[in-house]
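User: I'd like to go through the labels on this one and hear the reasoning behind each. Can you take me through it?

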Amino acid sequence: MTLSEEEQAEELADGVLTRAPSRMRMVAGRFFRSTQGLIGFAVLALMFLLAFVGPLFSPWTYTDKDFTAFMQPPSARHWFGTLQTGSDVFAVTLRGMQKSLVVGLLAALVSTALAAVVGAFAGYFLGWTDRVLSWVTDLLLVLPAFLILAILSPLFGSGQWPLFVVMLALFLWMVTSKIVRGMAISVKEREFVQAARYMGVPPVRIIFRHVIPNLSSLLIVDATLNVSSAILTETSLSYFGFGIQPPDVSFGTLIADGSKTAVYAPWTFWFVAGLLVITVLAVNLVGDALRDAFDPSSGRP
């Protein structure tokens, strides 16, 4: 049985990509031989473990109130102390960490996926497709993202945080898409893409099966670094009341509340602020280590 021309083109293109698993093993080896990569990965894993497993060991939930302990310092009963409302600081801090981590991860994934699709389509088709997509990208770059999100904040009521994630992601992808566009222009001239095109493989299939996967190193690093950007943006917006809305909590809402009492009740502020700094630092360490691991010219082993 003979293969169709399209199947032959797919096999040719797949043959070029068979080195991907071995390359990923090489990248993983470089990453885990990096001190900052190991530290960042270990700390980030610990933060996720604390956020999602820690509440199981606490006698309090983030909605519980202890009306016999208002603004109490850390103790055996309340490990991180209590707030003015009697809420357990440990419980609400871990709940806020959960929300910020989920928002950061989802926003980073959505924004990176959007950047990959828009940049790849613009770079592959060029012409009017490139002009339209570039115009949209440039328009979003000049729009005041903070102001727009602040205006739309009434839509992010209780239970509507996925909408907040989508809106946040819409303002994180533009710069990456321009980089992807330039790289896609180069990738589409490579032999396996040319062969697939001449064999009649549909352009959309070429983009999703061959162009975007060949940009995976850039996209992985970008997604990792976007996590910290999304967490910090969410924290800033929630601090001013434009992000996660009560009764839910996040790093931003907890820092906003804790800043009012930080002088005379430091436990209401410094625990959450410290965890925010540690989380963002760990994400950045992982992102930097991944960038070095993917970069063949890196001086790291």
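User: What makes Arg 77 and Asp 66 a salt bridge?

Analyst: This is a predicted model, and in it the side chains of Arg 77 and Asp 66 come to 3.0 Å, N to O. The cut-off is within 4 Å for a Lys or Arg nitrogen and an Asp or Glu carboxyl oxygen, so the pair counts.

User: Which parts of the chain does that pair tie together?

Analyst: Arg 77 and Asp 66 each lie in the loop between α3 (35-53) and α4 (89-125), so the bridge ties together parts that are 11 residues apart in sequence.

User: Why is Asp 66 called buried, and what is Arg 77 called?

Analyst: Buried means under 20% relative accessible area. Asp 66 has 4%, so buried it is. Arg 77 has 48%, and exposed needs over 50%, so Arg 77 is called partly exposed.

User: How do you know that Arg 181 bridges to Asp 130?

Analyst: Their closest N and O atoms are 2.8 Å apart, and the limit is 4 Å, so the label fits. Arg 181 lies in helix α8 (residues 174-187) and Asp 130 in helix α5 (residues 127-142), so this one ties together parts that are 51 residues apart in sequence. As for exposure, Asp 130 is buried at 10%, while Arg 181 is partly exposed at 27%.

User: What links Lys 178 and Asp 138?

Analyst: A salt bridge again, with the closest N and O atoms 2.8 Å apart. Lys 178 is in helix α8 and Asp 138 in helix α5, 40 residues apart, so distant parts of the chain are linked. Lys 178 has a relative accessible area of 37% and Asp 138 has 35%. Both values fall between 20% and 50%, so both residues are partly exposed.

User: How many salt bridges does a search of the whole structure find, and which residues are linked in a network?

Analyst: The search finds 6. The network joins Arg 95, Lys 99 and Asp 248.

User: What makes the span of α11 close to the expected one?

Analyst: Helix α11 (residues 216-239) has 24 residues and reaches 34 Å from its first C-alpha to its last, against 34 Å expected at 1.5 Å a residue. After α11 comes Gly 241, with a positive phi near 85 degrees.

User: How do you know what the chain does over residues 101-125?

Analyst: The unreviewed UniProt entry annotates residues 101-125 as one of its "transmembrane region" stretches. In the model they are 100% helix and 0% strand, with end C-alpha atoms 36 Å apart. Residues 38-57, also annotated there, come out 80% helix and 0% strand, with the ends 27 Å apart.

Definitions and conventions
Residues numbered from 1 in each chain as written. Predicted model: local features only at pLDDT ≥ 70, side-chain atom pairs only at ≥ 80, totals over all residues. Heavy atoms only, no water. Helix = DSSP H or I, 4+ residues; strand = E, 2+ residues; numbered from the N terminus. Expected span 1.5 Å × (residues − 1). UniProt positions renumbered as here; feature names shortened; annotations may be inferred. Buried < 20%, exposed > 50% of the residue type's maximum accessible area, 1.4 Å probe, protein only.
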